Amino acid sequence: MSELLTRTDRGLYCEAGDFYIDPWGPVERAVVTHAHADHARRGMGAYLTVPEGEPVLRPRMGAEAKIDTVPYGEPITINGVRVSLHPAGHILGSAQVRVEHRGEVWCVSGDYKLGSDRTCATFEPVPCHTFITESTFGLPVYRWAPQEEVFAQLNDWWATNRADGKVSVLFAYALGKAQRLLAGADASIGPIYGHGAVQVCNEGYRRAGIELPPCEYAGRGERGKDWDGALVVAPPGARGTPWLRKFRNYSTAFASGWMLVRGQRRRRAVDRGFVMSDHADWPGLLQTIADTGCERCLITHGSRRVLERYLNEETNVSAAQLDTWFEGESDDRGEEADAEMADAGNEGASNE
Ligand SMILES: [Zn+2]
Ligand SMILES: [Zn+2]
């Protein structure tokens, strides 16, 4: 059987249509699921994304990059292959890629999460024969609480710090997570500041029409400025850097799905962990796979073996692992961290 998509040394390739999905080597035509660094890389001849993805993809791919857009759900034809992008609910502009050729349908999920998120379009399952899913959090232990609960915890933490005369420094991935948290922050508690890496991404969100609370740039220097009671959102890479010193009396927190595991929090060396992920949890993965009605599931990222075995033993879906460039990146640290490291100095990514 010839496969509609195959893994090549430059990434996932559609031979019939002569295009790649999230390629990791230079190619002419790249369909990208989203702007995170392990999915969208510089140097491609052309990129295809949705219109709301362009403002966040552009700063990462460079001013010269050729970026074409097609709205969610609107099919286009590439060399006789029907291609459409569908909401993945992961970050602004994130998409699943549906590929159809001679009656056969594949869907590549990229990264995805279920449920509402005010900062991006809500995930929609795509009926397909073969579903290529991520499994970043593909273990039964991963189950997310409703985001309202996490926002309430976050705002409580901030208000308590403010009452204690402390600055609240919240570490979160600059693209996606930071904006989701800002959208859930109660701006009546106090002023909000952003690290430069966060500010760049905020700008992209605002250009795409996503409303965020006022967030001022927490630049360097600013001697004598009174930061008391502020919320400062910064990428994980800013942890332990001189940039933090100006806040003097502060409490730190990290928002990530990994905070569910206690050892992670300790190794992160933050005061507080908030369990919030932009990836599907275990029930979300299983529900999605069932919702696609797929016959076959190929699994990339993360805890692939457990999900593979579960699907093969407990469902009618035949599952296999698909090796990708993400090999060894079993989490959303590496993927979302590296671009931020460049902005924030060089700490944090390599120590776990
Ligand atoms: Zn991602
Ligand atoms: Zn990813």
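The following legends describe close-up views of a predicted model.

**Figure 1. The N-terminal strands β1, β2 and β3 pair in the antiparallel sense.**
Strand β1 (residues 6-8) is joined to strand β2 (residues 11-14) over three bridges, and the two form a hairpin with two residues between them. Within this pairing, R7 stands opposite L12 of β2. Strand β2 also pairs with strand β3 (residues 19-21), again in the antiparallel sense and over three bridges. Here Y13 stands opposite Y20 of β3. The hairpin of β2 and β3 has four residues between the strands, and D18 takes a positive phi near 50° in this hairpin.

**Figure 2. N79 touches A16, G17 and D18.**
N79 lies in the loop between β7 (76-78) and β8 (81-87). Leaving aside residues up to four places away in sequence, the contacts of N79 are with A16, G17 and D18. The side chain of N79 reaches the backbone oxygen of G17 at a distance of 2.7 Å. The C-alpha atoms of N79 and F19 are 9.1 Å apart, although 60 residues separate the two along the chain. With a relative accessible area of 49%, N79 is classed as partly exposed, because exposed residues are those over 50%.

**Figure 3. Six strands form an open sheet with parallel pairing.**
The strand order is β14-β13-β15-β12-β16-β17. Strands β14 (216-217) and β17 (272-274) stand at the edges; each has a single partner strand, so one side of each lacks a neighbour in the sheet. Inside the order, strand β12 (residues 167-171) and strand β15 (residues 231-234) run parallel and are joined by four bridges. V169 stands opposite V232 of β15. In a regular strand, side chains alternate between the two faces of the sheet.

**Figure 4. K113 and D278 form a salt bridge between two loops.**
The closest N and O atoms of K113 and D278 are 3.0 Å apart. K113 lies in the loop between β10 (104-108) and β11 (130-134), whereas D278 lies in the loop between β17 and α6 (282-292), so the pair ties together parts that are 165 residues apart in sequence. Both K113 and D278 are buried. The two residues also belong to a network of salt bridges that links K113, D117, R180 and D278. Side chains of opposite charge can pair when their charged atoms come close. The salt bridges in the model come to eleven.

**Figure 5. D323 forms a salt bridge with R304 of helix α7.**
The closest N and O atoms of this pair are separated by 3.3 Å. D323 is located in the loop between β19 (318-321) and α8 (332-344), and R304 in helix α7 (residues 304-314), so the salt bridge ties together parts that are 19 residues apart in sequence. The two partners fall into separate accessibility classes: D323 is partly exposed at 42% relative accessibility, while R304 is buried at 11%.

**Figure 6. D68 and K66 form a salt bridge.**
The closest N and O atoms of D68 and K66 lie 3.0 Å apart. D68 has a relative accessibility of 33% and counts as partly exposed. K66 is also partly exposed, at a relative accessible area of 45%.

**Figure 7. N202 is buried in helix α4.**
Helix α4 spans residues 196-207 and contains N202. The relative accessibility of N202 is 0%, so this residue counts as buried. When residues up to four places away in sequence are not counted, N202 touches Q179, L182, L212 and C215.

**Figure 8. V141, L260 and V261 form a nonpolar patch on the surface.**
Together, these three residues have about 220 Å² of accessible area. V261 is found in the loop between β16 (250-255) and α5 (262-268). The relative accessibility of V261 is 33%, and V261 therefore counts as partly exposed.

Conventions:
Residues numbered from 1 in each chain as written. Chains lettered and ligands numbered in written order. Predicted model: local features only at pLDDT ≥ 70, side-chain atom pairs only at ≥ 80, totals over all residues. Heavy atoms only, no water. Patch = residues over 30% accessible without salt bridge, like charges linked within 9 Å, V, L, I, M, F, W, Y side chains within 5 Å. Areas by Shrake-Rupley, 256 points an atom, 1.4 Å probe, with all protein chains shown as cover. Salt bridge = Lys/Arg side-chain N within 4 Å of Asp/Glu carboxyl O. Buried < 20%, exposed > 50% of the residue type's maximum accessible area, 1.4 Å probe, protein only. Pairing = 2+ DSSP bridges. Contact = heavy atoms within 4.5 Å. Polar contact = N/O pair within 3.5 Å; in protein donor to acceptor, adjacent residues only side chain to side chain.
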